[in-house]
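Open the model in your viewer and keep the selection box handy. We will go from one stop to the next, with a word on what to select each time.

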Amino acid sequence: MRDSGPLNEAHGTTFRIVTLPFIVFTAIWGSTWIVIRGQLGAVPPQWSVAYRFTIAAAAMALIAVAKGDGLRLGRGGLRAAVFLGFTQFCINFNAVYLAERHITSGVVATVFALLLIPSSLMGWAFLGQRPTQRFAWSSLVAVAGIALLFVHELRAHAASTRQIVSGIGITLIGMIGASIANVVQARPEIRRFPLFPLLAWSMAAGAAIDALFALAFAGPPAFDPRPAYWAGLLYLALAASVLTFSLYYPVVRRIGPAKAAYSSVLVPIIAMGFSTWLEDYRWTWLTVAGAVLALGGMAAALSRSRSSVPAPDAA
């Protein structure tokens, strides 16, 4: 009888360092879209983003110090952190928050599932990572699905066409910001910096830029006294920013970003479920077809994908 101890131990290790973290960050990212909806109200979205990453940066810095990494990055690391803070934690997240003022959180999440497309195109342009023909055709299927969701929104809210166009347009801007950050993160000269100090400084830089952006476009800081607002803010800062990014990037480094990017297919399914439950999102044959094409196309594009550009979800 063959000893299965080493095999079971290997499976247990894989579950602990890959499967379990994958389940956790995918589930959390799937829920964040509806939590962001609750942040919209007395506090302008720009200030909510600034508060979120101020808290997240402080927590990430504590983790970096506790792990013994410290916070020293050098001049090159700080430059990279500022750039990532601007693209990932300013452009990306401000766009998501602002888009949810115009369209439902589930639709924003589904459109954002296409993040891997611009990331891969930029990876081809700047990293020489050419996407496969399978990826190109599958991406077209996914885009067709998003187009069907767009058509449904126009039909269902004919009087709000401008709102819908604005919401999807803002979401696409956020995708571009996230895509640029993904390509920069994939460059060897950036990957050599320790993860947690880089994330801490990136979030800190993002929070500072977010505050300047909020001051310029939303006026002085505003506060919401509701406990629900602050509970949501802490969830987004600690669980959906610190915990998820801390789990996501080690998984990427172990199994590769192509497999880790399957989260971008699963997250919209969770988000659309929350939107159906809490936002009274109405499913029709058009929305079902659109969601199936969008998510199926992305699943097909990601399978056997060799892209090395990570694609974490925005929220």
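The tour below visits some helix pairs and then a pocket.

This is a predicted model, in which local features need pLDDT of at least 70 and side-chain atom pairs count only at pLDDT 80 or more, while totals for chains, interfaces and linings use all residues. Residues are numbered from 1 along each chain as its sequence is written, and side-chain values use heavy atoms, with hydrogens and water left out.

**Stop 1: helix 9.** Select residues 195-218. Helices here are DSSP runs of H or I with at least four residues, numbered from the N terminus. Helix 9 has 24 residues and spans 32 Å from first to last C-alpha, close to the expected 34 Å (1.5 Å times one less than the number of residues). Just after helix 9 comes Gly219, with a positive phi near 85°.

**Stop 2: add helix 2.** Now select residues 45-66 as well. Helix 2 and helix 9 pack at about 160°, their axes 8 Å apart (axes are lines fitted to C-alpha atoms over the stretch in contact, and angles run from 0 to 180 degrees between N-to-C directions). The pair is therefore roughly antiparallel, the word for angles over 145 degrees. Their contact holds 23 nonpolar, two polar and one charged residues (nonpolar: Ala, Val, Leu, Ile, Met, Phe, Trp, Tyr, Cys and Pro; charged: Asp, Glu, Lys and Arg; polar: the others, Gly among them).

**Stop 3: helix 3.** Select residues 74-99, which pack against helix 9 at about 55° with axes 7 Å apart. That makes helix 3 oblique to helix 9, that is, neither under 35, nor over 145, nor from 65 to 115 degrees. Add helix 7, residues 161-186: its axis comes within 8 Å of that of helix 3, crossing at roughly 160°. Helix 3 is thus roughly antiparallel to helix 7.

**Stop 4: the largest pocket.** Which residues line the largest pocket? Select Ile117, Leu121, Trp124, Arg130, Pro131, Phe135, Ala136 and Ser139. A pocket is an open set of points on a 1 Å grid over the protein atoms alone where a 1.4 Å probe fits, with protein on both sides within 12 Å along at least five of seven lines; lining residues have an atom within 4 Å of a point. Its volume is about 150 Å³, the space filled by probe spheres set on the points. Helix 5 (116-127) and helix 6 (133-156) each supply at least two lining residues.
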